[in-house]
Amino acid sequence: MVESIYQIPNEVRDFAEKSVEQARKAFEGFAGAAQKAIDTSADMPFGLPAAKDVSAKALSFAEANVNAAFDLAQKLVHAKDPQEVFKLQSEFVQAQLKTIQEQTQELGATFQRSTKS
């Protein structure tokens, strides 16, 4: 039986998987700190509650988008061949384009509501 030239050693896959998880945890820490900063800034005398709503929405979208990228990375670690990699990447790009369009509309609506308050 001939091994595929695309065969990736299990050790490399394990290392990549651990790296993705470490990066995900690091981002979660960053997102938590950012959320805390948003919450704190609204409590300050110069803080604007409307800005807090827009910032919180933008942060939640950023978290969702980064988590989607981490999910893609996790799937890519387990891809069996280049065709699967291209398929996963194509599906990701299509889904993200739709998601970003929806997020842009929602963020715009949130901004409009916040300026009317």
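# Notebook: a three-helix chain

**Entry 1. Ala37.** I started with Ala37, which sits in helix α1. This is a predicted model, and I read every value below with that in mind. Ala37 has a relative accessible area of 44%, so I noted it as partly exposed. Next I looked for a residue across from it. Ala37 and Lys52 are 15 residues apart in sequence. In space, their C-alpha atoms are 9.9 Å apart.

**Entry 2. Overall layout.** I stepped back to the whole chain. The secondary structure comes to 3 helices and 0 strands. Along the sequence the pattern reads α-α-α. Helix α1 covers residues 10–43, helix α2 covers residues 49–77, and helix α3 covers residues 82–116.

How much of the chain is buried? Of its 117 residues, 20% count as buried. The chain exposes about 8600 Å², and carbon and sulfur atoms supply 61% of that area.

I also looked at how far apart in sequence the contacts reach. I took the contacts between residues at least 6 apart in sequence. Of these, 73% join residues at least 24 apart.

**Entry 3. Confidence.** I checked pLDDT before going into side chains. The chain averages 85, and 86% of the residues score at least 70. Which helix has the lowest confidence, and which the highest? Confidence is lowest in α1, with a mean of 86. It is highest in helix α3, at 93.

**Entry 4. The nonpolar core.** I looked up the largest nonpolar core and found 5 residues in it. They are Val20, Phe27, Ala31, Phe70 and Val77. Two elements, α1 and α2, give two or more residues to this core. Helix α1 gives the most, with 3 residues. One background remark belongs here: in soluble globular proteins, nonpolar side chains tend to be buried together.

I then followed Val77 out of the core list. Leaving out residues up to four places away in sequence, Val77 touches Arg13, Ala16, Glu17 and Val20. Val20 is itself a member of the core.

**Entry 5. Gln74.** Gln74 is in helix α2. Is it buried or exposed? Its relative accessible area is 16%, so Gln74 is buried, given that the cut-off is under 20%. With residues up to four places away left out, Gln74 touches Glu17, Val20 and Glu21. I noted that Glu17 and Val20 are also on the contact list of Val77.

**Entry 6. Aromatic rings.** I searched the whole structure for aromatic pairs and got 2. In one of them, the ring centres of Phe27 and Phe30 are 6.0 Å apart. Their planes meet at 40°, so the pair is tilted. Phe27 and Phe30 are 3 residues apart in helix α1, which means about one helical turn separates them.

How do the two rings compare in exposure, buried or exposed? Phe27 counts as buried, at 16% relative accessibility. Phe30 is exposed, with a relative accessible area of 53%. Ring pairs link Phe27, Phe30 and Phe70 into a cluster. Phe27 and Phe70 are also on the core list.

**Entry 7. Arg24.** I moved to Arg24, which lies in helix α1. Arg24 is buried, because its relative accessible area is 13% and the cut-off is under 20%. What does the side chain of Arg24 make a polar contact with? The partner is the side chain of Asp71, at 3.0 Å. I then listed the contacts of Arg24, leaving aside its neighbours within four places in sequence. They are Asn67, Phe70 and Asp71. Phe70 turns up again here, after the core list and the ring cluster.

**Entry 8. Ala23.** I checked Ala23, also in helix α1. At 32% relative accessibility, Ala23 counts as partly exposed. I took its C-alpha distance to Phe70 and got 8.3 Å. In sequence, Ala23 and Phe70 are 47 residues apart.

**Entry 9. Ile100.** My last stop was Ile100, in helix α3. Ile100 counts as partly exposed, at 40% relative accessibility. I paired it with Ala62, which is 38 residues from Ile100 in sequence. C-alpha to C-alpha, Ile100 and Ala62 are 9.9 Å apart.

Conventions
Residues numbered from 1 in each chain as written. Predicted model: local features only at pLDDT ≥ 70, side-chain atom pairs only at ≥ 80, totals over all residues. Heavy atoms only, no water. Helix = DSSP H or I, 4+ residues; strand = E, 2+ residues; numbered from the N terminus. Buried < 20%, exposed > 50% of the residue type's maximum accessible area, 1.4 Å probe, protein only. Contact = heavy atoms within 4.5 Å. Core = buried A, V, L, I, M, F, W, Y, C linked by side-chain atoms within 4.5 Å. Phe/Tyr/Trp six-rings, centres within 6.5 Å; stacked < 30°, edge-to-face > 60°. Areas by Shrake-Rupley, 256 points an atom, 1.4 Å probe, with all protein chains shown as cover. pLDDT = per-residue confidence, 0-100. Polar contact = N/O pair within 3.5 Å; in protein donor to acceptor, adjacent residues only side chain to side chain.
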